[in-house]
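Trainee: Before we begin, could you show me the protein and go through with me how each term is earned from the numbers?

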Amino acid sequence: MSNGSFPPEPGRRGGTLAIVLAALIPACFAGWLLWSSVGGAKDDGAGGAGGTGAPTTSSTSSPPPPSSGASGASGASGASATPSPSGEASGDVPGEGSGKTLKGKVVVIDPGHNPHNRDHPSQISRSVDIGTEEKECDTTGTATNSGYPEASFTLDVARRARTLLEARGATVRFTQDGDRPYGPCVDERAEIGNKAHADAVVSVHADGAAAGERGFHVILPKSVRGGGADTSAITVPSRHLGERLLDRFERATGSEPAQYISDGSGLDVRGDLGGLNLSTVPKVFIECGNMRDSQDAAELTDAAWRGRAARGIAQGITDFLNE
């Protein structure tokens, strides 16, 4: 009403509005196109990185769980899990999703020798009956040239293997856990597995061969009968156990079967070991390497390698018990 003008008539008001809208719509559309072209509406799903859009996930939310396998694998992309140090996927580790269970199974692990044996020479040197002959109760075991004892090695690997097997649901018993003044003697070691009605027994050792001799091997019971020894019922299942250990230990550690014994087969059959002769359940020994060889010793004294050794032992046992 200013300037002395009169209100527009109804028809004129509608015409003016239509003209204004016709001019504004193209201008707004052109502005939207320009804004889009410079990235104003960008959202690359990376939490706002590299763009001006808001993050797709709140900064207070937990990160998504890693895909099955090793870190770095993308579940969305379908990439396979990163191999573990042994060349196997982490799902192959006992307790980590391989689909195998040991619930209801009893496993006895026999850590070779005892760290305290050296303090009891008269007790461990006494003779015991192993069925076919008499042998000393136990020994101190060997050691690396730098002084790392076999008894320390066997306990460490055995404890690591126990953790893995228990994660699968197995009941695991030891013949000794560094908690005895010495021993037990070889006849008692066998009896512990027998009384437990173990589904599998593995005695963990490391060899003391000549320098330059490398590798591991598994010792199987010979078919013997005499005195209190009768292995006729366990030789076949023990061989199966030994074969599974041989395969899994080699894959887990990258070590090769020893060439200095049994023509490099990795399987040695013996009838002079009380721990085997007196066993009534499937049982084997594993000599994980040669402590007197500098290259093997470097592995045996490495904690990461011992972890892989334990994994190989645990997986071999698992395979045997799931046959």
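Mentor: Let us start with a definition: a disulfide is a pair of cysteine sulfur atoms within 2.5 Å. Please also keep in mind that what you see is a predicted model, which holds one disulfide.

Trainee: What makes Cys137 and Cys185 a disulfide?

Mentor: The sulfur atoms of Cys137 and Cys185 are 2.0 Å from each other, and the limit is 2.5 Å, so the pair counts as a disulfide. The angle about the S-S bond is -90°, and the link of Cys137 and Cys185 is left-handed.

Trainee: Which parts of the chain does the pair link?

Mentor: It links distant parts, for Cys137 sits in the loop between strand E3 (134-136) and H3, while Cys185 sits in the loop between E4 and helix H4 (186-195), 48 residues apart. Pro184 also belongs to the loop between E4 and H4, and the peptide bond that leads to it from Gly183 is cis, with omega near 10°.

Trainee: Why are Cys137 and Cys185 called buried?

Mentor: A residue is buried when its relative accessible area is under 20%. Cys137 has 0%, so it counts as buried, and Cys185, with 4%, is therefore buried as well. For the protein as a whole, 40% of its 323 residues count as buried.

Trainee: What makes the label differ for Ala233 and Ser262?

Mentor: Exposed means over 50%, and partly exposed lies between the two limits. Ala233 has a relative accessibility of 63%, so it counts as exposed, whereas Ser262, with 25%, is therefore partly exposed. Ala233 lies in the loop between strand E8 (229-230) and H5, and its C-alpha atom is separated by 7.4 Å from that of Thr280, 47 residues away along the chain. Ser262 is in the loop between H5 and E9, and although it is not a glycine it has a positive phi of about 55°.

Trainee: How do you know that a residue such as Cys288 may be counted in a nonpolar core?

Mentor: A nonpolar core takes in buried residues of certain types, Cys among them, that are joined through side-chain atoms within 4.5 Å. Cys288 has a relative accessibility of 2%, so it passes the test of being buried. Cys288 is also named, with Ile109, Phe153, Leu165, Val202, Ile313 and Ile317, among those that touch the most other members of the largest core, which has 38 residues. In general, nonpolar side chains in soluble globular proteins tend to be buried together.

Trainee: Which element gives the largest share of this core?

Mentor: Helix H8 does, with eight residues. Strand E1 (106-111), helix H3 (150-167) and strand E5 (200-207) are among the other elements that give two or more. Another core, of six residues, lies apart from it and includes Ala196, Ala198, Val201 and Val281.

Trainee: What makes Phe153 a partner of Cys288?

Mentor: Contact means heavy atoms within 4.5 Å, and, leaving aside neighbours within four places in sequence, the contacts of Phe153 include Cys288, Tyr148, His205 and Trp305.

Trainee: Why is Phe174 called buried?

Mentor: Its relative accessible area is 14%, which is under the 20% limit, so Phe174 is buried. Phe174 is found in strand E4, and, not counting residues up to four places away, it touches Ile109, Pro111, Ala158, Arg159, Arg162 and Ile192. The C-alpha atoms of Phe174 and Arg159 are separated by 9.1 Å, yet the two residues are in contact, because contact is judged on heavy atoms.

Trainee: Which residues lie nearest the centre of the largest pocket?

Mentor: They are His113, Thr139, His205, Leu273 and Phe285, out of 29 that line it. About 520 Å³ of space lies in this pocket, and E5 gives the most to its lining, with four residues.

Trainee: What makes His113 count as buried?

Mentor: Its relative accessibility is 9%, which falls under the limit of 20%, so His113 counts as buried. His113 is placed in the loop between E1 and helix H2 (121-125), and it has a positive phi of about 70° although it is not a glycine.

How values were computed. Residues numbered from 1 in each chain as written. Predicted model: local features only at pLDDT ≥ 70, side-chain atom pairs only at ≥ 80, totals over all residues. Heavy atoms only, no water. Buried < 20%, exposed > 50% of the residue type's maximum accessible area, 1.4 Å probe, protein only. 1 Å grid on protein atoms, 1.4 Å probe; cavity = no way out; pocket = protein on both sides within 12 Å on 5 of 7 lines; lining within 4 Å. Points joined across faces, edges and corners; volume = space filled by probe spheres on them.
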